[in-house]
Amino acid sequence: MKGDQELQVIVQQEKEPNPTDQDEKNSVSGSQKKVSYSNTYKRWIRIAVYTFFVITGQSVATILGRLYYDNGGNSKWLATVVQPVGFPILLPYYLLSVKTHTTTQRDDKITSLTNRALVYIVLGLLVGAACYLYSIGLLYLPVSTLSLICASQLAFTAFFSYFLNSQKLTPIILNSLILLTISSTLLAFNNEESNSKKVTKGEYVKGFICTVCSSAGFGLLLSLQQLAFRKVLKKQTFSEVMEMIIYVSLVASCVGVVGLFASSEWKTLSNEMKNYKLGKVSYIMNLVWTAVTWQVFSIGGTGLIFELSSLFSNAISALGLPVVPILAVIIFHDKMNGLKVISMILAIWGFTSYVYQQYLDEQNLEKSHGISTIESHDPPEAEWSSVQSK
């Protein structure tokens with residue numbers, strides 16, 4: 001009996017948790033929670049900063065591009081060159097940030113230099129063409145109209161991703177596509193003259209078609225980038241994303257420079273600078289800051305791609321949709337008629353539907369990961385019972 005009682009006491013002591021061990025576990029779990037909360041907080045601060053860069057960079061660059069045309073600028077190819085030519089600004093950001101995003105794992109499959117160069121050249125040519133079409137649209141269309149048409153880029157991204165990246169066209173995505181399409185189509189019937197120069201109906205139609213084609217080009221660009229990361233580059237690390245943006249911008253800048261000399265527009269640049277309404281210094285500063293703000297937009301977009309996803313980055317760029325028309329009304333005194341208001345409401349509705357679908361996809365992805373981790377890890381009680389059964 002005494003032996004049995006002593007055995008029971010020993011068993012009970014083993015079952016009772018050690019206070020010091022439990023305190024250590026509680027302190028460790030508390031510190032881990034604080035670290036996770038701190039990391040989450042810092043991550044969302046970065047996301048907020050990148051979002052600010054995307055919206056302000058895109059809005060200011062568009063306004064500066066319109067100021068260039070309104071004050072005597074006429075070179076469409078020069079307006080094309082300043083969009084990608086500021087990519088050297090990204091080099092310090094790339095060198096400083098790549099240290100914080102280094103990965104220890106390396107792929108066994110290294111992409112050949114030929115395939116990598118082919119990807120950069122094809123995407124660079126596409127960017128150069130899209131930037132040129134955007135410059136034509138900016139020349140002939142009011143800024144508010146241009147920005148509303150550019151919202152159709154989301155629709156083109158979803159359309160091309162359906163064929164190239166097997167993206168599912170859910171009812172919510174289809175609703176977004178229809179709304180964005182109607183929003184852009186309505187503006188085709190809005191023959192509005194710019195305040196600084198008269199635009200004929202033919203020029204308005206030309207600007208409208210070029211802007212739609214530019215939006216389609218940028219939508220195709222994003223889909224092709226995703227395809228290249230999945231099929232050719234085989235990975236989407238921070239360095240890969242930055243290198244793609246830098247080399248693609250280099251090729252697009254070369255396209256713009258070749259077009260500038262081939263069209264002989266470079267011969268008129270000296271007279272254009274002399275006759276610029278705001279003076280030579282303002283002419284140079286306009287071009288410099290246009291290039292800088294487009295690269296600020298690129299930094300924000302790159303950060304959002306790495307922190308979240310490329311689709312979310314594209315959606316945030318469309319979030320600046322109401323900003324440019326409001327600034328255009330204030331700065332350029334563009335008329336915000338009923339057709340534009342309806343187009344803006346439809347575009348915002350379509351954008352909201354698109355973002356909501358991305359939110360649902362993220363939630364489903366998190367749930368699937370949670371289920372897979374639970375199934376792949378047995379609880380400690382199950383592991384202990386299996387050992388005992390053996």
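Which residues of α6 are buried? I took this up as the opening entry, working on a predicted model.

**Entry 1: helix α6**

I listed the buried residues of α6 as Val-143, Ser-144, Thr-145, Leu-146, Ser-147, Leu-148 and Ile-149. Because seven of the eight residues of α6 are buried, I recorded the helix as largely enclosed by the rest of the structure.

**Entry 2: α6 against α14**

I next looked up the packing of α6, residues 143-150, on helix α14, residues 323-331. I noted an angle of about 175 degrees and an axis separation of 8 Å. Angles over 145 degrees count as roughly antiparallel, and therefore α6 is entered as roughly antiparallel to α14. On the α6 side, I found the contact to be made by Val-143, Ser-144, Ser-147 and Leu-148. On the α14 side, Val-324, Pro-325 and Ala-328 take part. I sorted the residues of this contact into five nonpolar and two polar, with no charged residue. I also checked the α6 contact residues against the first entry: Val-143, Ser-144, Ser-147 and Leu-148 are among the buried residues of that helix.

**Entry 3: aromatic pairs**

How many aromatic pairs does the structure hold? I noted 13. I then examined Phe-52 and Phe-53, which form a tilted pair with 6.4 Å from centre to centre and 50 degrees between the planes. Phe-52 has 51% relative accessibility and so counts as exposed. Phe-53, at 27% relative accessibility, counts as partly exposed.

I turned next to Phe-156 and Phe-160, whose rings form a stacked pair, 6.4 Å centre to centre with 20 degrees between the planes. Why are Phe-156 and Phe-160 separated by about one helical turn? I attribute this to their being four residues apart in helix α7, residues 153-164. In general, an α-helix has 3.6 residues a turn, so residues three or four places apart point the same way. Phe-156 counts as partly exposed, because its relative accessibility is 22% and the buried class lies under 20%. I also recorded a cluster, linked by ring pairs, of Phe-156, Phe-159, Phe-160, Tyr-162 and Phe-163.

**Entry 4: Tyr-247**

Where is Tyr-247 placed? I located Tyr-247 in helix α10, residues 238-262. Its relative accessibility is 42%, so I entered Tyr-247 as partly exposed. I then looked up its separation from Leu-123: Tyr-247 and Leu-123 are 124 residues apart in sequence, and their C-alpha atoms are 9.4 Å apart in space.

Note on methods
Residues numbered from 1 in each chain as written. Predicted model: local features only at pLDDT ≥ 70, side-chain atom pairs only at ≥ 80, totals over all residues. Heavy atoms only, no water. Axes fitted to C-alpha atoms, helices over the stretch in contact; angles between N-to-C directions. Helix = DSSP H or I, 4+ residues; strand = E, 2+ residues; numbered from the N terminus. Parallel < 35°, antiparallel > 145°, perpendicular 65-115°, else oblique. Contact = heavy atoms within 4.5 Å. Nonpolar A, V, L, I, M, F, W, Y, C, P; charged D, E, K, R; others polar. Phe/Tyr/Trp six-rings, centres within 6.5 Å; stacked < 30°, edge-to-face > 60°. Buried < 20%, exposed > 50% of the residue type's maximum accessible area, 1.4 Å probe, protein only.
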